[in-house]
Each structure stands twice: as structure tokens, then as C-alpha cells.
Amino acid sequence: MSKPAQLRVILADHDVRKVLLPSGIPETVDDLHSVIRDTFYIARDFSLHYKDVDFDEFFTLYSTTDLKDKDTIKVVFLQDQEPAITLNLTDVTNTDVTNMTDQPCEEHYVDDTASVSTDDTLILSSEDSPGHRSKRWPAQFSIPSFSGLTEIQIQSANERFIKYGTLLTTKDLIPLLPDILGKLAEAIYEYTAYPSSLQIGEVAEALTQKHPCLKEPGSFNGSYGWAQLLKYKMNNFRSKLRGLGCPEVKVNSLKRKQTHDQYPAKNLKKTKKAEVNYLPPHVQGESTASLEKERVELLSEMMKRDNSKVVAQKMAKTFSLRREEIVKEVPAISDCMKRWPALFTEAQISEEFKRITTVSLESTFLAKLDQCTPKLMALTQSKGGAAGLKIRHIKDMLLEDNTVERRREIAIRCLIVYLGEKEEDLFKQYRDVEELDADLAMQVMKIAIIGDGRATIVVEGTKILQGIDVARSCALLMGVIYALNLSYPKQLKFTFEAFQKLCLELDGQKASSKVMNLKYGIF
């Protein structure tokens, strides 16, 4: 495995950042381009330049072999270019003119996003299909625009509220409710079909903040009634989606549940760990049969060498089929490995996690862990009793090995103990592979550490990934949990909650008191 690296990134004349690369400098420029784009949320197209040590100038980066740890790269935004149009002029005979005038006139449209044909096959990403989401729930919900007539009436009422402090009357509000609630439901569905009470409350508050004339008299925050209306509206909205065949709500229809689960609120299959694409529909133009054919082809592609690009394309294309199987059928890990062997690689676990959450797995997890480690070490130092003794014993491991990987491992171990849980429930030490194999069937979810500190992720008695350091194994275990729709182990619920909400920043606004106190202490 490549050593971790970091690069100095120039985004603008007065904006210079640092990017951490836990897995080392990517092998290709395209991979590095993706890391930079995802890390700094760059929407525009750009190229990368690197600073050459011989000339002390920036040159276009064509190979990542030109880079080493702590080098400087520059993001160069590409200017928007108008598409070139080529006109081929030919002589037109009278016959041609006659034939043209005899034909009915048709309108022809040219898609400005189309490109000339090449030998490459364009695989549409999941975001190109309706129902696939590309963004998480926002920190500040943006209220959409309503219909023209509704906007006019609300703006007039807002002006009266500013001048006289009067609210929109119930008589005037009732005709506007279908439009307001309908637009809000559509906006919420862009992020989730099953919003939490907290999220619905955020939408209601955002509505009354933008349009103060809609505040509810007598409510403690002026928006409680709106929150209740939105809950009922989302129920009705999901019913309409179910009728249209939307998979993430259709899966919870009573007809599709087993007899003992045929209650509306029992065994709901919905987002529980801030998933963005929990059960997405198939890409437009694809069916279960066509995607199954892609899956079979994927098995043969896995047998070829240096074929990671094709495998990645087919994995992205079959994402909806894979989620359908995993969420609805809940297959055993061994069966899943037989059907989707490509999923059980470091690269594809990270990609699957990103498809589900839109978050880069390893870079986000390790960067946040590195950021909070100094304060976490100081915070755990104050712990007393048996937990304090355990933490001090863990920190003594630094005396033997003070590498980045070991510091991250110690931070995670101290985190577990600080939260009142046992590190032995997550990590287990083995002398050799033979000892692990003998104990494999007994392990439900474990990170096995063999001899020199290399880790193996074990789930349901099956080895998932091997030969990685402990901190990365924690990040990749989170990826496995999301990819296979697994639950967190009960004896480590606070640890995995911290991994999710602090290290991966997924649904971090709402957490248990233990994790929230930890958050305030280290960030």
C-alpha cells in the first residue's frame, strides 16, 4: 500500500489549501482530479498543473508520477467555450429543391450537451436518472418558489406584516395551502422520502422565517402547526409515489410485507443512517432483466487484468439492482460475495458508500479523525477510574510506534473507551492467520489484527478485506455496513454513531447525549 501523502493545493491567488491522501498519491490524473473535485466541492471543469522543481514553474499534469509528498499543485479553471459549428456547403439542384419543398416541414433540435461520437461508451451516472439524489440534507433548507399567484399574495401579506404586524388570515391562507404544501413536499423529496421530525421542523421554521406572515399565532416558535401539516402532506405524497411505483416507498406497502409484519409502522425499510440513495429506481431505459445481464457480464470482467475502469462503470450502472437485492432480500454475506464479488474491494466499497451517501469515505473519515485527534487525546487524559487506566495503557503504545497509522489507531481505541464501550468488542488480536481462521465462524463483526498490526475486516464469519491498517479498516467497515445495509452492533452503538456523525458528518445535527458531548469537546 502506498504511504499517506499530502499536497498543497492552490485554488486561487488568495486561497491555498492542503489535501490529505491517506492512500497515497492516486495512480492516475483522473483519480486525483476526482479527489480534488470532491474534497473542495468544485462544480466547474478544471485541469491540474504541478510545480516543476527544475524550472520553478507550473506545467500541465499528465502523470501523477511527477508528484511526490508535499508537492504543490494548482487548480486551473477552464474557460467556457462555445461549440464549434461546421457548415458543409454543397450545390443544390432544382430537383433537390423540389424534393425539399414537397416534404412536410419538421422542427429539428440539437441537444447542446451532445458530443461527437467516439470509441468510448458513455455510461450515465445514477444522478442522470429521476429518483437518484446527488446531495444531502442541507444545513439550511431553501424554501422553493410557489406559483405566481401564491407568491404575489404571500409577498403582499409579508409587506403588511412588516408595516402592521398582521398575519395572513385563515380565510386567505386555506386556498394557498395545496400549492405551498405540495411545493414543500417536492422539495423535501429531493433529499429524502422519509424526513425525520427534526428535518420537518427545520422546513417549517425556514418557511416562517422567509415568510413571517405565515407564522402560527400561539405557537412557541410560530411553525409547529406547519410541521404537523407537512407530516400529513408527506404521508399523502408517499402514497402517490407508491402508486407510481417508486421503489423506496413501494417496498413498505402492506402487500409486500410478510403476514406478521403487515402493520404500517412495522419493519419499515427506510434511511436510518443518513443514506441519500437508499433504494433508488433503475436508470432510465433499464430494467431488472437488462441490469441482471450487466451483472453477469460484470462477473466475467472481474476475471480480466487491468480492467478496473470497466468494472467501475458496470458497478455504477447496476447500483439500483444491487440495492434492490440487498434491501429487499437481505442476502447472507457469502451469497452477496458470490453475486457481487467486485463490491468486496477497497475501491468499490468506497464508491458504493459515495453512491449511497454522496460522501467520500476514506478521505473524509481520516481527515476528520486527524483533525480531532489532539483534542481527543487531551479530553481522554482527564478520564478517571478504570477507563482512565485503560486509556493510559493504550497511549503507552505510542512509545513503541509513533507513526501516523498508530496515532490514528490509538485515537480510535481511546474514543471507544471514553464512550464507555470495550475496544475488545471491535478489535481482536490474533497470533497468525491460522488462529483467525479457526475462530472465524464465531465473529459477527470484528476487525481482526494479525501479528504486525495488519487488519482484516470480518463480517458474519467472512473475511471482507485484508492487509490494511487499523484506522482505514474502521473507515472501510463503515463502508461495508452501508453497502450491505447492516445495523451497528449494539455493544458498540456509541462508537459507530461517533464514526457516522463526527468522522463522516452524516446526520451530525442529532446525536445521543454522549456523542454530542464528545462533539462539543473535540470540535
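## The sheet

In this predicted model, five strands make up an open sheet: 5 strands in the order 2-1-5-3-4, with mixed pairing. At the edges sit strand 2 (15–21) and strand 4 (57–60), each of them pairing on one side only. If you ignore direction, neighbouring strands of this sheet are turned by 35° against each other on average.

Let's zoom in on one pairing. Strand 3 (residues 46–52) runs antiparallel to strand 5 (residues 72–77), and 5 bridges link the two. Ser47, for instance, has Val76 of strand 5 as its bridge partner. As a reminder, strands of a sheet pair through backbone hydrogen bonds, either parallel or antiparallel.

## A helix on the sheet

Helix 1 (residues 29–39) packs on this sheet, where it touches strand 1 (5–12), strand 2, strand 3 and strand 5. The direction of helix 1 makes about 110° with that of strand 3.

## Helix 7

Now over to helix 7, which covers residues 224–243. Its 20 residues should span 28 Å at 1.5 Å a residue, and the end C-alpha atoms are 30 Å apart, so the two values agree.

Which residues of helix 7 are buried? They are Gly225, Trp226, Ala227, Leu230, Lys233, Met234, Phe237, Arg238 and Leu241. It helps to recall that an α-helix has 3.6 residues a turn, so residues three or four places apart point the same way. The cover over the buried residues of helix 7 includes helix 4 (170–173), helix 5 (177–189), helix 6 (197–210) and helix 8 (247–250).

Just after helix 7 comes Gly245, with a positive phi of about 85°.

Technical notes
Residues are numbered from 1 along each chain as its sequence is written. This is a predicted model: local features need pLDDT of at least 70, side-chain atom pairs count only at pLDDT 80 or more; totals for chains, interfaces and linings use all residues. Side-chain values use heavy atoms; hydrogens and water are left out. Helices (H or I, at least four residues) and strands (E, at least two) are DSSP runs, numbered from the N terminus. The expected span of a helix is 1.5 Å times one less than its number of residues. Buried means under 20% relative accessible area, exposed over 50%, partly exposed in between (1.4 Å probe, protein chains only). Contact means heavy atoms within 4.5 Å. Two strands pair if DSSP finds at least two bridges between them. Axes are lines fitted to C-alpha atoms, for helices over the stretch in contact, and angles run from 0 to 180 degrees between N-to-C directions.
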